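Please open the model in your viewer and keep the sequence panel visible beside it. The tour below goes from one selection to the next.

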Amino acid sequence: MNRQRLFTLLAGAPDLLTGWGLILVPDTVQELMLVSDPLPSPAVRIVGAFVAGVGATYVWSAFRPGPGERRLWNTLSMTAVLRCHVGLVFLILVVARQLGIAWLTVALTDLILALVQILWWRNWRRSQT
């Protein structure tokens, strides 16, 4: 397994599992995340569906058979866009005190992964020219 596939799998599997956890056992997962002010069940389940969907996109891309370097890079670039948006929204909500400080881990994780993916993708694009 090459670096891109491994990274894609390691970035996606936790999201896939966390997302399904938020859908199926939202209170337990928020407790494990050390959230002191959990989101209401319907809202967090919607968040869970989105998180699971992003995770599934990574995992699907990592395991899809056949040559897929371009597909992996497309997945990394598009999920970076998603992570930027999610990270910024969570950051704004934490700063505005509409979400508790524990949600800052979500913002930072998404923004850091997005930055890594954008830089990695940019270097790959340069190597293709």
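A residue is called buried when its relative accessible area is under 20%, exposed when over 50%, and partly exposed in between, with a 1.4 Å probe and protein chains only. This is a predicted model, in which local features need pLDDT of at least 70 and side-chain atom pairs count only at pLDDT 80 or more, while totals for chains, interfaces and linings use all residues. Residues are numbered from 1 along each chain as its sequence is written, and side-chain values use heavy atoms, leaving out hydrogens and water.

Begin by selecting arginine 83, which counts as buried because its relative accessibility is 3%.

Next, add aspartate 15, whose salt bridge with arginine 83 (a side-chain nitrogen of Lys or Arg within 4 Å of a carboxyl oxygen of Asp or Glu) has its closest N and O atoms 2.4 Å apart. Aspartate 15 sits in helix H1 (residues 3-24) and arginine 83 in helix H4 (residues 69-95), so that distant parts of the chain, 68 residues apart, are linked; helices are DSSP runs (H or I, at least four residues) numbered from the N terminus. Aspartate 15 is also buried, at 17% relative accessibility.

Now select aspartate 110, whose side chain meets that of arginine 83 in a salt bridge of 2.4 Å, N to O. Because aspartate 110 belongs to helix H5 (residues 104-127) and arginine 83 to helix H4, this pair ties together parts 27 residues apart in sequence. Aspartate 110 is buried, with a relative accessible area of 10%.

Finally, display Asp15, Arg83 and Asp110 together, since they are linked in a network of salt bridges.

Definitions and conventions
Helix = DSSP H or I, 4+ residues; strand = E, 2+ residues; numbered from the N terminus.
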